[in-house]
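Work through the exercises below with the coordinates open, trying each task before reading its solution.

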Amino acid sequence: RMFHDDELEESEKFYVGQPRVLLLIYALYNTLVARSEMVCYFVIILNHMISASMITLVLPILIFLWAMLSVPRPSKRFWMTAIVYTEVAIVIKYFFQFGFFPWNKHVDYTKDKPYHPPNIIGIEKKEGYVHYDLVQLLALFFHRSILKCHGLWDEDEKGDSSSNKEDTDDELSLTGGRRDSSASLKSVNLAASVESIHVHFPEQQTAIRRKSSSSISQLSHRSSFSSHRSKRGKCLDISGIGRTKILDILKNINHTTLSLYFLQCKLCAIKSHCGLCCFRTLQVYVPIRQFFYNLIHPDYSAVTDVYVLMFLADTVDFIIIVFGFWAFGKHSAAADITSSLSEDQVPEAFLVMVLIQFGTMVVDRALYLKKTVMGKVIFQVILVFGIHFWMFFILPGVTERKFSQNTVAQLWYFVKCVYFGLSAYQIRCGYPTRVLGNFLTKSYNYVNLFLFQGFRLVPFLTELRAVMDWVWTDTTLSLSSWICVEDIYAHIFILKCWRESEKRYPQPRGQKKKKVVKYGMGGMIIVLLICIVWFPLLFMSLIKSVAGITNKPLDVSITITLGGYQPIFTMSAQQNQLKSLDPNEFSEFMGSYRGNTAALQFLEGYAREDITRADLEGNSNSLWTISPPSRQKMIQGLRDFDADFSLVISWTIQRYKNMKYLISHFFPRTLEEVYPYYIKAPSDSLAKPIKQLLRDCKWENITVSLVKNTSEEWWVLDQLGKRQKVSHESLELFIFSDKVSPPSLGFLAGYGIMGLYASVVLVIGKFVREFFSGISHSIMFEELPNVDRILKLCTDIFLVRETGELELEEDLYAKLIFLYRSPETMIKWTREKT
């Protein structure tokens with residue numbers, strides 16, 4: 001071989017023979033070295049997210065408005081600025097850690113105040129105040145060592161001197177042809193100082209031809225020219241140029257350059273304090289202006305398109321806002337967006353953030369369609385300053401907590417920094433010349449097909465994109481015609497994907513379908529349809545058994561009335577009178593029904609925490625107040641044994657959300673078998689006694705007695721056969737509470753089974769029926785064997801629109817419409833290629 005080295009081969013063999021873990025470490029280190037610039041950016045942004053102060057705010061802004069916009073890479077001046085600034089920040093933070101400063105005497109009281117001046121500036125006293133700054137300084141020194149190893153650290157200074165030399169050589173060694181007026185602008189050197197402005201004009205064509213005739217004359221003239229240029233001249237070099245030529249060149253020179261030049265002459269003549277201030281201002285303004293001028297008007301641009309990545313970053317930020325909107329409000333830390341929307345309340349923080357995020361996405365789309373780099377630069381500057389000012393100075397005051405304590409806001413800001421980096425890369429490289437179609441339509445496979453169809457299923461996204469594209473794109477088509485072209489293109493793209501899939505996976509003629517295809521596709525559809533049909537039953541069954549929560553009673557009340565007169569007994573049990581069964585009591589309770597199949601079947605649906613025992617006092621909590629006539633009439637009714645006298649027992653069970661369950665029952669005048677010992681509290685509005693748990697399906701007996709005390713009287717009830725043996729009069733009641741659906745799924749469970757069938761199943765069934773029954777109407781547009789020509793016609797429309805051939809766009813659109821109006825032409829256009 002031509003370049004053979006035994007040592008290099010041995011080294012390569014040694015490297016390949018290392019363990020995989022060591023090779024992985026080598027690869028990670030090489031990745032770190034190759035992306036050391038991004039590592040520095042990440043550490044600086046991370047330091048600012050943790051510190052969130054004015055000291056650390058400077059470098060992130062410089063990253064997005066200077067470093068990432070520099071072509072081809074950040075200059076040495078930026079890295080030196082970052083290193084020196086970090087070192088100064090470390091010294092300042094260290095200096096203000098001493099305890100003799102007044103604000104360091106009450107650190108525990110002021111450390112969480114977002115608007116405390118030391119917290120805003122970043123000079124507060126805290127532990128680990130300089131850790132991230134040291135990591136940042138270490139990353140910067142590491143990147144500097146990488147640049148020095150590759151000879152890129154001093155590249156800027158060498159590049160400036162070499163470029164000046166090349167410009168001088170180019171000016172004096174033109175081999176033919178006269179430079180145009182735009183070339184004369186390149187000879188203007190706008191450096192960092194106004195003093196270094198030189199304006200040189202090319203000599204006449206005859207003089208240039210004479211120079212090109214002999215190399216000796218070129219060298220002699222070049223030496224004289226360089227000696228003349230070494231002098232810091234204050235006037236224009238117009239020797240050897242005619243008056244007409246001078247006027248032509250002056251017309252094409254940048255007006256700002258001449259203004260700066262004459263301003264320099266005036267400043268040198270005035271030598272006043274005001275002139276000195278203006279001079280210093282120009283020293284700062286001119287380089288910044290030249291930087292952005294070169295950015296907007298580059299000599300060359302590596303055109304790229306990262307709009308999709310910027311859109312994804314904005315989408316992630318949008319999702320963070322939706323699910324973490326409480327982080328951008330004041331007293332909404334415990335809020336839930338679903339509960340807020342269900343109560344018809346839109347949080348202000350959620351509304352403002354959503355509108356701002358959506359507005360920036362619309363503006364970004366408009367700039368992308370107009371392909372204006374200047375607008376993108378202005379939007380980048382406004383957005384960088386606006387976001388940083390809002391996140392680190394306004395948001396902490398709104399939320400009353402520091403940015404470093406707001407995790408959701410930190411995550412949102414980090415994703416926004418990714419967006420800023422992508423935007424800077426887009427500005428530096430320039431917008432693409434042509435934007436053709438959707439980014440998902442670049443290839444024809446199943447992934448693009450399903451992603452594109454999912455994109456079209458998002459409500460209003462397709463419509464909004466089509467209208468924005470029509471507004472900000474030069475076209476002669478009306479809005480309806482534009483939407484028609486977009487719809488045809490989307491339909492043809494989907495057909496193209498299916499045709500390509502048929503080519504990749506061909507089906508031989510005369511062969512039956514494989515079982516994998518039939519059971520895979522058909523089986524999935526069958527399972528899906530069955531799930532839709534039986535969804536309400538499955539949902540209502542599983543929602544309570546799997547995801548249900550226990551809803552214990554809050555209040556249990558018993559009321560007994562004789563024959564419709566004034567109630568003789570009223571009692572309620574609350575709080576400590578409502579007790580859950582312990583494991584031993586629950587085991588004993590279950591064991592008492594061993595052998596009773598009906599009772600055990602009922603108890604299978606309840607756990608120990610679902611059973612509540614209510615202990616009600618036997619003494620009524622209200623006096624029996626009845627008028628004497630009614631009292632005598634009630635006594636007469638009780639003595640008449642031939643007539644029926646009713647006893648009304650009603651119970652009320654109050655559970656979560658103030659749901660009341662009430663039932664009344666009528667009994668004969670006897671008090672035997674009148675008390676329901678076990679009550680079921682379902683999720684509906686009716687509480688029922690549980691007959692399966694009663695002994696021989698008989699209710700319990702109670703004793704009723706009237707107690708008199710001078711002028712007062714009340715009734716006392718006592719239950720016979722209580723499980724919990726107590727000496728005093730009391731009533732015992734067991735409540736079995738059904739589980740209820742969680743609040744997050746309450747909006748579905750509230751419809752019930754019939755409601756779900758009416759609102760969900762029938763609606764879905766309508767769409768499914770349209771899919772299966774409307775195929776015959778679209779055969780002439782769906783069954784197209786070859787759609788390449790139609791697809792090419794659509795892309796031709798996009799292409800001529802981007803190139804400005806608007807008349808041709810109208811002709812191609814008319815051709816497309818005629819194609820869809822003529823079935824015979826469509827058949828000819830979609831035939832397979834032979």
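**Exercise 1.** Determine whether Asp5 is buried, partly exposed or exposed, and state where Asp5 sits and which charged group includes it.

Solution. Asp5 has a relative accessible area of 35% and is therefore partly exposed, given that buried means under 20% relative accessible area, exposed over 50%, and partly exposed in between (1.4 Å probe, protein chains only). Residues are numbered from 1 along each chain as its sequence is written, and on that numbering Asp5 falls in the segment before helix 1 (6–16); helices (H or I, at least four residues) and strands (E, at least two) are DSSP runs, numbered from the N terminus. The model is a predicted one, in which local features need pLDDT of at least 70 and side-chain atom pairs count only at pLDDT 80 or more, while totals for chains, interfaces and linings use all residues, and side-chain values use heavy atoms, with hydrogens and water left out. On the surface, Asp5 joins Asp6, Glu7 and Glu10 in a patch of negative charge. Such patches are made of residues with over 30% relative accessible area and no salt bridge, like charges being joined within 9 Å and nonpolar side chains (Val, Leu, Ile, Met, Phe, Trp, Tyr) within 5 Å; a salt bridge is a side-chain nitrogen of Lys or Arg within 4 Å of a carboxyl oxygen of Asp or Glu.

**Exercise 2.** Trace the open sheet of five strands, giving its order, its edges and the pairing of its strands.

Solution. Begin with the order, which is 3-4-11-7-8 with mixed pairing, where two strands pair if DSSP finds at least two bridges between them. The edges are strand 3 (578–580) and strand 8 (688–689), each of which pairs on one side only. Moving inward from strand 3, the pairing with strand 4 (residues 611–617) is antiparallel over three bridges, and Lys579 has Arg613 in strand 4 as its bridge partner. Strand 4 is in turn antiparallel to strand 11, over seven bridges, with Ala614 partnered by Leu733 in strand 11. Strand 7 (residues 678–681), by contrast, runs parallel to strand 11 and is joined to it by four bridges; here Tyr678 has Phe734 as its bridge partner.

**Exercise 3.** Establish how many residues of strand 11 (residues 730–737) are buried, and how they divide between its faces.

Solution. The count is eight of eight, so to speak of the strand as mostly covered is justified. On one side the buried residues are Ser730, Glu732, Phe734 and Phe736, and on the other they are Leu731, Leu733, Ile735 and Ser737.

**Exercise 4.** Locate Ala52 and Phe460, each with a positive phi in a residue other than glycine, and find whether each is buried or exposed.

Solution. For Ala52, phi is near 55°, and the residue lies in the loop between helix 3 (36–51) and helix 4; its relative accessible area of 16% makes Ala52 buried. For Phe460, phi is near 65°, and the residue belongs to the loop between helix 21 (446–457) and helix 22 (461–471); Phe460 is exposed, because its relative accessible area is 65%.

**Exercise 5.** Identify the residues joined by a cis peptide bond at Pro72, and say which loop holds Pro72.

Solution. The bond joins Val71 and Pro72, with omega at about 0°. Pro72 is placed in the loop between helix 4 (54–67) and helix 5 (76–95).

Conventions. Areas by Shrake-Rupley, 256 points an atom, 1.4 Å probe, with all protein chains shown as cover. Lys, Arg positive; Asp, Glu negative; His and termini not counted. Charge placed at Lys NZ, Arg CZ, Asp CG, Glu CD.
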